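Trainee: I have a model open and I'd like to learn how to read its sheets, helices and odd spots. Please take me through it one feature at a time.

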Amino acid sequence: MGSPPMIDGAFARWLAARAGQALMNLRAEMGFADPGALKSAGDKVSHDLIRTELARWRPADAVLSEEDEGSRLAWTAEVSSDVVSRLTADRVWIIDPLDGTREFAEDGRSDWAVHVALWARSAPTPHGLVAGAVGLPAQHRVLGTDYPPAYPPMTLEAATSGGARTIRLAASRSRPPVFLTDLAADVGAHLVPMGSAGAKIAAVVTGEVDAYIHAGGQYEWDSAAPVAVATATGLHASRIDGSALKYNEADPRLPDLLVCRKDLASRLLAALQRHSG
């Protein structure tokens, strides 16, 4: 793909696309006979590629990647200098080299992603994300903040159901929040099971679904890039209590979020208050 662009949003897109192509090549080479081996190889190939390119093209920036040793640890005096450096850095790349390893290792599935996001101390927004890209390699597309998609139209189901809109709500295939079924019944939502967090938020961005709620435990890299793109598109993104999402925190756990159309935010947050306690 040649030398990368220097503007951060375009660079994030380039990096997500490069890692995505490497993952597609790996899938083709290894096949699906040994899912465990394919998952491990996918994590490593994408992580190593992204880390190498960041070291080459953004050497002054800090990095938080899911695949870094100790990445899930909250800050303490004993943690590595990498954690300390990102907490004092002005710019930090937040990376999920392969979001949705389960889906990546299943033949025919396309709901997995590559996440590349940039947090900056000088950002004007509470979440601090200034650039990001979500690569959806098996869907042959990359969503990025350099050319954010247009605000999504209502899903056909919602638009044609009259006054009582049927909300299409993306839900985890494997670990949806226990309250989600009751919440869906409360607001008249239809649950749509999908794979990775990136794929689910991308589906909100493109209008395939209207909202995504998660409360089962995540880390910053699970949502940073998708949230960067979603907010650049104009969608609502917050914690499920309505508070701001914040990144590059001492503790990288960010266990819950809501991403949805802005016209649904107050309704869904009120329902979450009733059902998530």
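Mentor: Start with one pair of strands. Strand β6, residues 167-172, runs parallel to β7, and 6 bridges join the two. Keep in mind that this is a predicted model.

Trainee: Which residue of β7 is the bridge partner of A171?

Mentor: That's P193. Another bridge pairs L169 with L191 of β7.

Trainee: And how should I think about side chains along a strand?

Mentor: The general idea is that side chains in a regular strand alternate between the two faces of the sheet. Now back to our pair: what links the strands? Together with helix α6 (residues 180-187), β6 and β7 make a β-α-β unit, and the unit is right-handed.

Trainee: What is the strand order in the sheet that contains this pair?

Mentor: Reading across, you get β7-β6-β8-β10-β9, an open sheet of 5 strands with mixed pairing. To find the edges, look for strands that pair on one side only: here they are β7 (189-194) and β9 (236-238). From one strand to the next, the twist averages 20 degrees.

Trainee: Which strands of that sheet does helix α7 touch?

Mentor: Helix α7, residues 197-206, packs on the sheet and touches β6, β7, β8 (211-214) and β10 (257-260). Its direction makes about 150 degrees with that of β8. Then there's helix α8 (residues 220-233), which lies across β9 and β10 and runs at about 35 degrees to β10.

Trainee: Now the other sheet, please. Which strands stand at its edges?

Mentor: Get the order before the edges. This sheet is open too, with 5 strands in the order β1-β2-β3-β4-β5 and mixed pairing. β1 (62-65) and β5 (141-144) are the edge strands; each has a single partner, so one side of each is left without a neighbour in the sheet. Ignoring direction, neighbouring strands are turned by 15 degrees against each other on average.

Trainee: In what sense do β3 and β4 run?

Mentor: Antiparallel: 6 bridges join β3 (residues 113-120) to β4 (residues 129-136). As a landmark, find V116, which stands opposite A133 in β4.

Trainee: And which helices pack here?

Mentor: Helix α2 (residues 35-57) lies across β1, β2 (91-99) and β3, at about 155 degrees to β2. You'll also meet α7 again, touching β2, β3, β4 and β5, with its direction at about 75 degrees to that of β5. So what does that tell you about α7? Put the two descriptions side by side: α7 touches strands such as β6 and β8 as well as strands such as β2 and β5.

Trainee: How do I handle database annotations on a model like this?

Mentor: Take the record's residues and ask where they sit in space. An unreviewed UniProt entry places the feature "binding site" at E66, D96, L98, D99 and D222. They span 157 residues in sequence, yet no two of their C-alpha atoms are more than 9.7 Å apart, so they gather at one spot. The lining of the largest pocket includes E66, D96, L98, D99 and D222.

Trainee: Is D96 buried or exposed?

Mentor: Buried counts as under 20% relative accessible area, and D96 comes in at 1%. D96 sits in strand β2. Beyond its neighbours within four places in sequence, D96 is in contact with E66, V114, H115, W221 and D222.

Trainee: What about L98?

Mentor: L98 is found in β2 as well, and with 2% relative accessible area it is buried. Leaving out residues up to four places away in sequence, L98 touches several residues, including L23, K39, E66, F104 and W112.

Trainee: Last one: where should I look for unusual backbone angles?

Mentor: Check for positive phi in residues that aren't glycine. H140 has phi near 60 degrees and lies in the loop between β4 and β5. N248 has a phi of about 55 degrees, in the loop between β9 and β10. Their surroundings contrast: H140 is exposed at 69% relative accessible area, whereas N248 is buried at 6%.

How values were computed
Residues numbered from 1 in each chain as written. Predicted model: local features only at pLDDT ≥ 70, side-chain atom pairs only at ≥ 80, totals over all residues. Heavy atoms only, no water. Pairing = 2+ DSSP bridges. Helix = DSSP H or I, 4+ residues; strand = E, 2+ residues; numbered from the N terminus. Axes fitted to C-alpha atoms, helices over the stretch in contact; angles between N-to-C directions. Contact = heavy atoms within 4.5 Å. UniProt positions renumbered as here; feature names shortened; annotations may be inferred. 1 Å grid on protein atoms, 1.4 Å probe; cavity = no way out; pocket = protein on both sides within 12 Å on 5 of 7 lines; lining within 4 Å. Buried < 20%, exposed > 50% of the residue type's maximum accessible area, 1.4 Å probe, protein only. Right-handed = clockwise from strand over helix to strand, strands pointing away.
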